[in-house]
Amino acid sequence: MADNYNDIIHTTSLTYKGKTYKVEQSLLKAYMPHFKGLFVDSSAIDRSYFCFGELDGADNFDDDFIINFEDGSADTVDFSEYTRVC
């Protein structure tokens, strides 16, 4: 496992639908939604976190993504979102 925060950022990746994304630094505070894979951002209390997306809110999803770590281990995350039309 990585020894510090910077090691984690530079050695973590995410695989979604067969494509692997490395972490990118979030550069903009406000932007039009677009898919940019895996990136790191920070909260109002200066805590960093990984983000993935953005995904089209009008689409239905029932997918998995895989988070890949430096030591060869991985975690699979399942997410589901269904748009309802009233």
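What follows walks through the fold, the confidence, the core, the aromatic pairs and the hairpins of this chain.

The model is a predicted one, so a look at confidence comes first, because where pLDDT is low, the predicted coordinates should not be read in detail. The chain averages a pLDDT of 77, and 73% of the residues score at least 70. Element by element, confidence bottoms out in strand β3 (residues 24-25), with a mean of 74, and peaks in β1 at 89.

As for the overall layout, the chain has one helix and seven strands. Going along the sequence, the helix comes before the strands, in the pattern α-β-β-β-β-β-β-β. The chain runs to 86 residues, and 27% of them count as buried. Its accessible surface adds up to about 6,500 Å², with 51% of that belonging to carbon and sulfur atoms. On the contact side, taking the pairs of residues at least 6 apart in sequence, 32% of the contacts join residues at least 24 apart.

Now for the inside. The largest nonpolar core is made of eleven residues: Ile9, Leu14, Tyr16, Tyr21, Val23, Leu38, Val40, Phe52, Phe61, Phe65 and Phe79. Strands β1, β4 and β6 are the elements that give two or more residues to this core.

Strand β1 (residues 13-16) has Ser13 in it. With a relative accessible area of 11%, Ser13 falls under the 20% limit and is therefore classed as buried. Setting aside neighbours within four places in sequence, Ser13 touches Thr20, Tyr21 and Lys22, along with Leu38, Ile66, Ile67 and Asn68. One of those partners, Leu38, is itself a member of the largest nonpolar core, and so is Tyr21.

The aromatic residues deserve a paragraph of their own. A pair of aromatic rings is described by the distance of the centres and the angle of the planes. The count here is five aromatic pairs. In one of them, Tyr16 and Phe52 sit edge-to-face, 5.2 Å centre to centre with 70° between the planes. This pair ties together distant parts of the chain, since Tyr16 is in strand β1 and Phe52 is in strand β5 (residues 48-52), 36 residues apart. Tyr16 counts as buried because its relative accessibility is 8%, under the 20% limit. Another pair, Phe65 with Phe79, is tilted instead, at 5.7 Å centre to centre and 45° between the planes. Here too the link is between distant parts of the chain: Phe65 belongs to strand β6 (residues 61-68) and Phe79 to strand β7 (residues 74-81), 14 residues apart. Both ends of this pair are buried, Phe65 with a relative accessible area of 13% and Phe79 with 16%. Put together with Tyr21, these residues make up one aromatic cluster: Tyr16, Tyr21, Phe52, Phe65 and Phe79.

Phe79 also has contacts outside that tilted pair. Leaving out neighbours within four places in sequence, Phe79 is in contact with Tyr16, Leu55, Phe61, Asp62, Asp63, Asp64 and Phe65. The list takes in core residues, including Tyr16 and Phe61, as well as the run of aspartates Asp62, Asp63 and Asp64.

That brings in the strand pairing. Strands β6 and β7 pair in the antiparallel sense over eight bridges. The bridge partner of Phe65 in β7 is Val77, while the ring pairing of Phe65 is with Phe79. The hairpin of β6 and β7 has five residues between the strands, and Gly72 in this hairpin takes a positive phi near 95°.

Strands β4 and β5 are likewise antiparallel, over five bridges. Val40, a member of the largest nonpolar core, stands opposite Phe50 in β5. This hairpin also has five residues between the strands, and here the positive phi, near 60°, is taken by Asp46. Asp46 is not a glycine, and its place is in the loop between β4 (38-42) and β5. Asp46 counts as exposed because its relative accessibility is 65%, over the 50% limit.

A similar case turns up at Lys17, which has a positive phi of about 50° without being a glycine. Lys17 lies in the loop between β1 and β2 (19-22). At 63% relative accessibility, Lys17 is exposed, whereas Tyr16 in strand β1 is buried at 8%.

Key:
Residues numbered from 1 in each chain as written. Predicted model: local features only at pLDDT ≥ 70, side-chain atom pairs only at ≥ 80, totals over all residues. Heavy atoms only, no water. Helix = DSSP H or I, 4+ residues; strand = E, 2+ residues; numbered from the N terminus. Buried < 20%, exposed > 50% of the residue type's maximum accessible area, 1.4 Å probe, protein only. Contact = heavy atoms within 4.5 Å. Areas by Shrake-Rupley, 256 points an atom, 1.4 Å probe, with all protein chains shown as cover. Phe/Tyr/Trp six-rings, centres within 6.5 Å; stacked < 30°, edge-to-face > 60°. pLDDT = per-residue confidence, 0-100. Core = buried A, V, L, I, M, F, W, Y, C linked by side-chain atoms within 4.5 Å. Pairing = 2+ DSSP bridges.
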